[in-house]
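Okay, hi everyone. I'd like to spend a couple of minutes on aromatic rings today, so let me put the structure up.

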Amino acid sequence: MPAITAEGLTKVYGSRGQVVRALDGLDLTVEEGTVLGLLGPNGAGKTTTVRVLATLLRPDSGRATVLGHDVVKDAQRLRQEIGLSGQYAAVDENLTAAENLWMFGRLYQLPSATARQRADELLEQFALTDAKDRVVKTYSGGMRRRLDLASALIGRPRLLFLDEPTTGLDPRSRFGMWEVIRELVRTGATLLLTTQYLEEADALADVIAVVDRGKIIARGTADQLKSQVGGERVEIVVRRPEDLAAAREVLGRQSRGEVTVDEHTRRLTAPAEGGTQQLVEVIRVLAEAGVPLDDVGLRRPTLDDVFLSLTGHAAEDAAATPTTDEPAPAGRTS
Amino acid sequence: MTATAPPPGRTGGSTVSDTLVVTWRNLKRIPRIPELAVFAILQSVMFVLLFAFVFGGAIAVEGGNYREYLMPGIFAQTLAFASATTTIGITDDMQKGLVDRFRSLPMARSAFLTGRTIADVAYNAGILIVLMLSGLAVGWRVRDGVVEFLAGFGIALLFAYAMSWVGVFVGQLVPTVEVGQQVAFTVVFPITFLSNAFVPLESLPGWLQPFAEWNPVSTLTAAMRELFGNPSPPAGSSFAAEQPVLMTVIWCVVFVAIFAPLAVRRYRDTSK
């Protein structure tokens, strides 16, 4: 039996005359012992999905079962078996780490001594032992997230929800969190993780479900999703911005897919079914046309390309805030 | 407490122990944010000084000295303002996502709020003691027996408890701490001034008097004056004016009976 089954979940928010379809018929299955990465831009419905599955929000329609419990009818029973770590570090800033963990342990109905013992184990596991008697107010962002995750684990949940566990963290703390999450995965935990970082889903999840506008629009392993958008791509960076148009035309002639152009970085990308042969051809034609290049190469498609080909818009474009004067290069590592 | 009946089919989650854990949490926080208590007390002391020394000369109180008349009013005002602190505290917990964590735990649904209101009573008892000591310093006295004094103290805490339930309800409705602050002060400020806390009711315009007479802040102030043996000029012939102790108890019961179920229902509501 799958750990999570959701069928046709919908949730509509209305505020000040604006109707937002946060969930629009979302279906989802997560197998026990696997990590599902829910990938999508801001406002796609990731957090709403987690809130429904973690019993915090009742869907308008549709139904969901988590670990065999209906998320609405058996909510209280389900709460004993899940852990939730959200976008904010939801711990009490005015308590110490040890006090926070003891408190949450007690509220998971552990006896006081057991809660204390479990808290000590987790503090050790998350490298917080030295800071355990300091009030959380004095913690760094990374430490708070680790404590938040430890709080979600205090009741030994069978299933863990991680809602954007690394959003807002600096790269170092982010990789630290990845290590912690990988360690959890090694112990066989079932995990539902949401992220807007494409590389994060790639690094942590067994299966990735892409969410857009309240629906799952694609699902598969990272490799399956990548093969869905075809094989390799040819990528060139022209030296002079004025050559962008000419280079685009050359690439367009050479490949059948769509050419994407990033004017900011002067980078052009296009599908390259012909592989190396096509790359050589592109270089030759551009050299004849007198277009100097800064960089050129073949690369496998990234999840960014997946998003673009599935939704017709870039991941960043779907964000709720339309103010993006700088093209954010998030997840653009290849 | 009210509205703590466990839902059918729930497992685990002892209401009493969960409530105690949350109470512990809220008490533990108090010394970690000393500014909160310090400024609550300073604000009240400021009112004592303002009224006792600035307006005191202009306000005549039948049968006694103004400072002795004033202090129970200050106590009532401080406890009414404490509901603003509760509102802000709950809004802050909601904004920081802490309420989501509590709601995701297999704990008694009412414990998060009930624990807060119990801790508030302890907090307000502390504030009240400090204020009473400052009152003694400016000439306030307890003139009746120990039993009456304890009754007066008890009724003040009952009022604080009722106000705390209003606070936990309102705290869940407002979107941000700043709005919570505005709402609380906009409501609490006029209520404490449209009362007998600082001035005898006869000095108010006639059309305002019935409101001021029935105002819970007035009945509490009059109740404390009566129980502490402080000057308490007659304030009309309504039931509220003649039976301030009884009326205050009725008010508190009514407030808890309305706001505790509303607050718990709102907390349990997962439709938003």
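I'll go through some ring pairs, then a cluster, then a couple of charges over rings. Keep in mind that this is a predicted model.

So, how many aromatic pairs does a search of the whole structure find? Over all chains, the search gives 23. Let me pick out B:Phe47 with B:Phe198: this pair is stacked, with 6.1 Å from centre to centre and 25 degrees between the planes. Now, where do these two come from? B:Phe47 is in helix H2 of chain B, residues 34-55, while B:Phe198 is in the loop between helix H7 (177-193) and helix H8 (209-214), so the pair ties together parts 151 residues apart in sequence. B:Phe47 is buried, at 7% relative accessible area, and B:Phe198 is buried too, at 3%.

Next up, B:Phe51 and B:Phe193. This pair is tilted, 6.3 Å centre to centre with 40 degrees between the planes. Again we're linking distant parts of the chain: B:Phe51 belongs to helix H2 of chain B and B:Phe193 to helix H7, 142 residues apart. Buried or exposed? B:Phe51 counts as buried at 8% relative accessibility, whereas B:Phe193, at 30%, is partly exposed.

And these four phenylalanines sit in one aromatic cluster, together with B:Phe81, B:Phe185 and B:Phe189.

Last bit, the charges. In chain A, A:Arg174 lies over the face of A:Tyr197, 3.9 Å from the ring centre. Over in chain B, B:Arg225 has its charged end over the ring of B:Tyr69, at 3.6 Å from the centre. That's it from me, thanks.

Key: Residues are numbered from 1 along each chain as its sequence is written. Chains are lettered from A and ligands numbered from 1 in the order in which they are written. This is a predicted model: local features need pLDDT of at least 70, side-chain atom pairs count only at pLDDT 80 or more; totals for chains, interfaces and linings use all residues. Side-chain values use heavy atoms; hydrogens and water are left out. Rings of Phe, Tyr and Trp (its six-membered ring) pair if their centres lie within 6.5 Å; planes under 30 degrees apart count as stacked, over 60 as edge-to-face and the rest as tilted. Helices (H or I, at least four residues) and strands (E, at least two) are DSSP runs, numbered from the N terminus. Buried means under 20% relative accessible area, exposed over 50%, partly exposed in between (1.4 Å probe, protein chains only). A charge sits over a ring if NZ of Lys or CZ of Arg is within 6 Å of the ring centre and within 35 degrees of the ring normal.
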